Amino acid sequence: MRKVEIFDTTLRDGEQSAGVNLHFHEKVEIALQLERLGVDVMEAGFPASSAGDLRAVQEISRRIKNVSVVGLARTHLADIDAAWEALRDAQAPRLHLFIATSPIHMEHKLRMSPDEVVDSSIQALRYAAGKFPMIEWSAEDATRSDWDFLVRIIQEVIRAGAKVINLPDTVGYTTPKEYAAMFQYVQQHVDQIEKVTLSAHCHDDLGLAVANTLAAMEAGVGQIEGTINGIGERAGNVALEEVLVAMAIRKSLFGIETGVDLTQVSRTSKLVSKLTGMVIPANKAVVGANAFAHESGIHQDGVLKNTLTYEIISPESVGVGSNRLVMGKHSGRHAFAEKCKDLGLTLDNENFNKLFEAFKALTDKKKEVTDDDILALALDSSLEDMGGKYELDFLHVSYNSTQTTTAVGVRTPGGQVVREVATGKGSVEAIYNAIERAVQDPVRLEDYRIQSTTGGQDSLAEVYVKVHFHNHAGIGRGLDNDVLAASAKAFLDGLNRVLLKEQLDAIVTSAAPL
Ligand code: KIV
Ligand code: ZN
């Protein structure tokens, strides 16, 4: 068996998905879960892009012990400095330097000649080698680059100290055969290529990311990059869980092993979906709600006789349904602490007490509290450390079949409570109109989604919104027993995320080209 390293970029490339804007605590929570999943490398962010990213990468570097933590950087001195600032405390820090190598990117985006791109890479690598023990270099848009130019530049960057060479399919353009052939060409033409690890990084614009990644693996790459649930720019990155399960299910075909604990797949996927607000389609491979559901009579009959008739993946092997212990009114602190441990929640005393109180309050309204409820409660306090923010003080809704009137009290970042009344065609519209008046700035609602954490009448309501406020998009999440209160909270959470982004953008570090 050959070992392939798993490089997760959910927190960097995944976070670049339209509208996703993870808060500091949420990034740390995902990083801790990726460590439990057992990836080899995690790209925690792009430290030079904002002070918020730098701080998150720094915290993740300090907290993660068993996974190499990576920061992205352009071939700019200031980017490398910011990455070192963020990663210097990591157990195994890695720099990920990238520069575009395709004619279209070099000419129109970088406005650099091929010689300048080679030069910039060499200088950046020499500079970074003084700080980082491990440097990965990426040829952005490799699949639309000239193969002989790739051979030339790879040769140079290996001499300058790169240890991992990543050839991304940045725009999701290649096909399995072509991607494999590109790696084979590089292996045949670059001297001492065996001294470095080749890496595949696929985007899914043509729906080929999994096939392309598996083809690259068969062509001999030693590392694959992707994101949980396939989140990422445009159509997203390759969904790591799909590649991992394909490798495991077809182990004898691929002859590849990884250090990943597949039983953590389901939890990782749910966590990423909840925190990013990116819903997983029910029919999504491996982690969709229907991935293990059998509907037709013939299929059900077959599965009852022998699950192998229609089930190539067992739900337990990816952590689905393996933890069904339900908590309720009579569960005490000890049982609750055990449950939190099982769920992988890392809580200090103060946060444990808060979560326990929220759990107890929920048991008054809900008979059976499930794992998903507890996770939803634990994730609900994510913006708590934010300085000034909007909060819901009270909500009153009066409904009749022609019009709804709402009164809200919104506590502003300055601390005073603004009371407003508004009407709307429906309850949610009336609430949002009243909040918009209270914050005294236009807010455009771009998306609204509601789901229940579990089935049943007493389920918690989880609302996701996308709002446009102060020229920024913000995704907000709200949780409550009541759908209208959850809707109001989600709206305010969206506004708070925009405020937080504004605070952090005010201290963005600037990057000077080499
Ligand atoms: O898709 C891409 O090319 C990237 C690079 C920054 C590696 O994400
Ligand atoms: Zn990418």
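**A zinc site and a three-stranded sheet**

In this predicted model, the donor residues of the zinc ion (ligand 2) follow the sequence spacing D-x187-H-x1-H.

Trainee: Which residues and atoms coordinate the zinc ion (ligand 2)?

Mentor: The spacing D-x187-H-x1-H calls for an Asp and two His residues. With distances of 2.0 to 2.2 Å, the coordinating atoms belong to Asp13 (OD), His201 (NE2) and His203 (NE2).

Trainee: How many residues apart are Asp13 and His203, and where does each lie?

Mentor: Asp13 sits in the loop between β2 (5-8) and α1 (24-37), whereas His203 belongs to the loop between β8 (197-202) and α8 (209-218). The pair therefore links distant parts of the chain, and the separation is 190 residues.

Trainee: Is Asp13 buried or exposed, and is His203 buried or exposed?

Mentor: The cut-off for buried is under 20% relative accessible area. Asp13 has a value of 3%, and His203 has a value of 4%. Because both values satisfy that cut-off, Asp13 is buried and His203 is buried.

Trainee: In the open sheet of three strands, which are the edge strands?

Mentor: The strands run in the order β14-β15-β16 with antiparallel pairing, and the twist averages 15 degrees from one strand to the next. An edge strand here pairs on one side only, and this holds for β14 (443-452) and β16 (472-480).

Trainee: Which residue of β15 is the bridge partner of Asp447?

Mentor: β14 and β15 (residues 461-469) pair in the antiparallel sense over nine bridges. In β15, the partner of Asp447 is Lys466.

Terms used. Residues are numbered from 1 along each chain as its sequence is written. Chains are lettered from A and ligands numbered from 1 in the order in which they are written. This is a predicted model: local features need pLDDT of at least 70, side-chain atom pairs count only at pLDDT 80 or more; totals for chains, interfaces and linings use all residues. Side-chain values use heavy atoms; hydrogens and water are left out. Two strands pair if DSSP finds at least two bridges between them. Helices (H or I, at least four residues) and strands (E, at least two) are DSSP runs, numbered from the N terminus. Axes are lines fitted to C-alpha atoms, for helices over the stretch in contact, and angles run from 0 to 180 degrees between N-to-C directions. Donors are N, O and S atoms within 2.8 Å of the metal (3.2 Å for Na, K and Ca); water is not among the atoms, so sites may look incomplete. Buried means under 20% relative accessible area, exposed over 50%, partly exposed in between (1.4 Å probe, protein chains only).
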